[in-house]
Amino acid sequence: MLLHKRFIENAKKYSTKKAIIDIATGKEFTYSEALIASIMLSDKFKKFPEQNIGVMLPTSAGCILSFIGLLFSGKTPVMINYATGAEDNCLYAQEKCIFSTIITSKKLLAKVNCKHVEGMVYIEDILKSVTILDKIKSAVRSKLPAVLMGVHGGRTNDNALILFTSGSEKAPKAVQLTHKNILANTDVVPFSIKTDHHDTYGACLPYFHVFGLTVTFWLPIILGATIVAMPNPIDYKGVCDTIKKHKINVIVGTPTFFHGYLRRAERDTFRSVRLAIAGADKLPKKLHDDFLHHHDVKILEGYGTTETSPVISVNPVGKDKLGSVGLPLKGVKVRIINIDTDEILPPGKVGKIMVKGDLVMKGYYDDIEETSMRIHNGWYDTGDMGMLDEDGYLWHKGRLKRFTKIGGEMVSMVKIENALDELLPEDAACCVVDVPNPAKGADIVAAVTTKEVNVRKLKKQLSKQLSSIEIPREFYIVDDLPLMSSGKVDFRSVEKICKKLHNSKVKKKHK
């Protein structure tokens, strides 16, 4: 079945239940009201001539209803990142995916300091154009059976959306995700994390990233749960206050965001929370333990990629293994292969993670070459390193590009970060990168932390866990780690910081 048809089913089944609570505007929508609003918007969107339509809206009722309205009208939403370089991202998306129209908000443009881009239409103007007759017609149609409602049909392998990879390593790629892809997650994840229509989801992750879009938009919509939409994930106090006020049961975020919430939380902030899911980056043991100790909340770690809709694995409720990224979802095949020979490796051996199943994307938009490089006989090459243990749990070891060869040995940046996390002061964050050392014609390992450290003492402590080539040669202190809009660490920016500081240190030494 199609995503928007599943929404219609729930809108009729849970008609009087709250579907969306929009923190930015203070507006609330029942499932019935959300259906009527989506129909009204779909009639407006049908007038746009293109198949692909850009969407640049914050996490809000406006974004959710616009997305559903576009599907109702037979259009494909193209989700645009407004958090970093909004104007450039609009132009890039328009050129890459061959469209002009972008649905956005005047308030958002003012907030992110983005100029008007040709093709932009404003949700405020669209809503002003809605007449009393539009509302009456939409309300009447909402009472009809789905087949008579006048919404677009289609097939499960049609594109449900296009969004872009984070671009943390190179230019973003346009990922085509189908109705079948998203449903492969939303129909299975609830059985692992024990969630249903009774839950209230805190939605603060941006919808231009697949983690937020699937897990805090389509998952609760498919379940018939309630979404509390918050526009800014780094408004840590605001998010904490909202969790407490609306008695949110399910919170989802990156470890960076969870760090922020922990700092601003009061004693009873998370009293209503029974389920916390972390993804997009490694979950430090210290963060997990602090949440459990201070708030009696166990954070479950999962793993996924944009190209897999995103969830590949998650730690099941009551059967979690701390440090792992959980069990692969039902219907998802995972195998580990040798990076040099493609040999399938047995449990306990580290290699490249390959994934197969209905969750794997259709492909990159208008990029057959890149698609063929990443998908072979249905198997998606994640570019990540990991291993499966004897119990079938997946252990993520980091991006292949986050390994470096030093002295003939493969060194994992993530392994070093895990060791550092256990030794650094409370609330300190760290990132490890490799930095070219032109003087010696090789790379060195450098660490960036957000707190002052006793380098000599720290190196001695690390020597008990790491080999000599794994211990960082240099330590640099920064106020905050640079982040992507998704909450992931921006490794390219960290590398630039380290190179700059390292070169400056070398110059001073030779003066």
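A crossing of two helices is left-handed if the near helix is turned anticlockwise from the far one by less than a right angle, and right-handed if clockwise. The exercises below concern a predicted model.

**Exercise 1.** Describe how helix α1 packs on helix α3.

Solution.
- Step 1. Take the axes of α1 (residues 3–13) and α3 (residues 61–72): they come within 9 Å and cross at roughly 115°.
- Step 2. Angles of 65 to 115 degrees count as roughly perpendicular, and α1 is therefore roughly perpendicular to α3.
- Step 3. Apply the opening definition: the crossing of α1 and α3 is left-handed.
- Step 4. List the contact: α1 supplies Leu3, His4, Phe7 and Ile8, and α3 supplies Ile68, Leu71 and Phe72.
- Step 5. Sort these residues: 6 are nonpolar, 1 is polar and none is charged.

**Exercise 2.** Do the same for helix α2 and helix α7.

Solution.
- Step 1. The axes of α2 (residues 31–45) and α7 (residues 132–142) lie 8 Å apart, at an angle of about 120°.
- Step 2. The roughly perpendicular class runs from 65 to 115 degrees and the roughly antiparallel class starts over 145; α2 and α7 are therefore oblique to each other.
- Step 3. The crossing of α2 and α7 is right-handed.
- Step 4. On α2 the contact uses Leu35, Ile36, Ile39, Met40, Asp43 and Lys44, and on α7 it uses Asp134, Lys135, Ser138, Ala139, Arg141 and Ser142.
- Step 5. The contact of α2 with α7 has 5 nonpolar, 2 polar and 5 charged residues.

**Exercise 3.** Decide whether Trp218 is buried or exposed, and find the residues it touches.

Solution.
- Step 1. Locate Trp218: helix α10, residues 210–223.
- Step 2. Buried means under 20% relative accessible area; Trp218 has 0% relative accessibility and so counts as buried.
- Step 3. Leave out residues up to four places away in sequence; Trp218 then touches Leu3, His4, Phe7, Phe67, Ile68, Leu71, Ile182, Thr186 and Leu213.
- Step 4. Compare with Exercise 1: Leu3, His4 and Phe7 of α1, and Ile68 and Leu71 of α3, belong to the contact of those helices and are also among the residues touched by Trp218.

**Exercise 4.** Examine the backbone at Asn113, Asp342 and Pro310.

Solution.
- Step 1. Asn113 lies in the loop between α5 (106–112) and β6 (120–122). Its phi is near 55°, positive although the residue is not glycine.
- Step 2. Exposed means over 50%; with a relative accessible area of 71%, Asn113 is exposed.
- Step 3. Asp342, in the loop between β16 (333–337) and β17 (351–356), is a non-glycine residue with a positive phi, near 65°.
- Step 4. Pro310 sits in the loop between β13 (299–304) and β14 (311–314). The peptide bond from Ser309 to Pro310 is cis, with omega near 0°.

How values were computed:
Residues are numbered from 1 along each chain as its sequence is written. This is a predicted model: local features need pLDDT of at least 70, side-chain atom pairs count only at pLDDT 80 or more; totals for chains, interfaces and linings use all residues. Side-chain values use heavy atoms; hydrogens and water are left out. Axes are lines fitted to C-alpha atoms, for helices over the stretch in contact, and angles run from 0 to 180 degrees between N-to-C directions. Helices (H or I, at least four residues) and strands (E, at least two) are DSSP runs, numbered from the N terminus. Angles under 35 degrees count as roughly parallel, over 145 as roughly antiparallel, 65 to 115 as roughly perpendicular and the rest as oblique. Contact means heavy atoms within 4.5 Å. Ala, Val, Leu, Ile, Met, Phe, Trp, Tyr, Cys and Pro count as nonpolar, Asp, Glu, Lys and Arg as charged, and the others, Gly among them, as polar. Buried means under 20% relative accessible area, exposed over 50%, partly exposed in between (1.4 Å probe, protein chains only).
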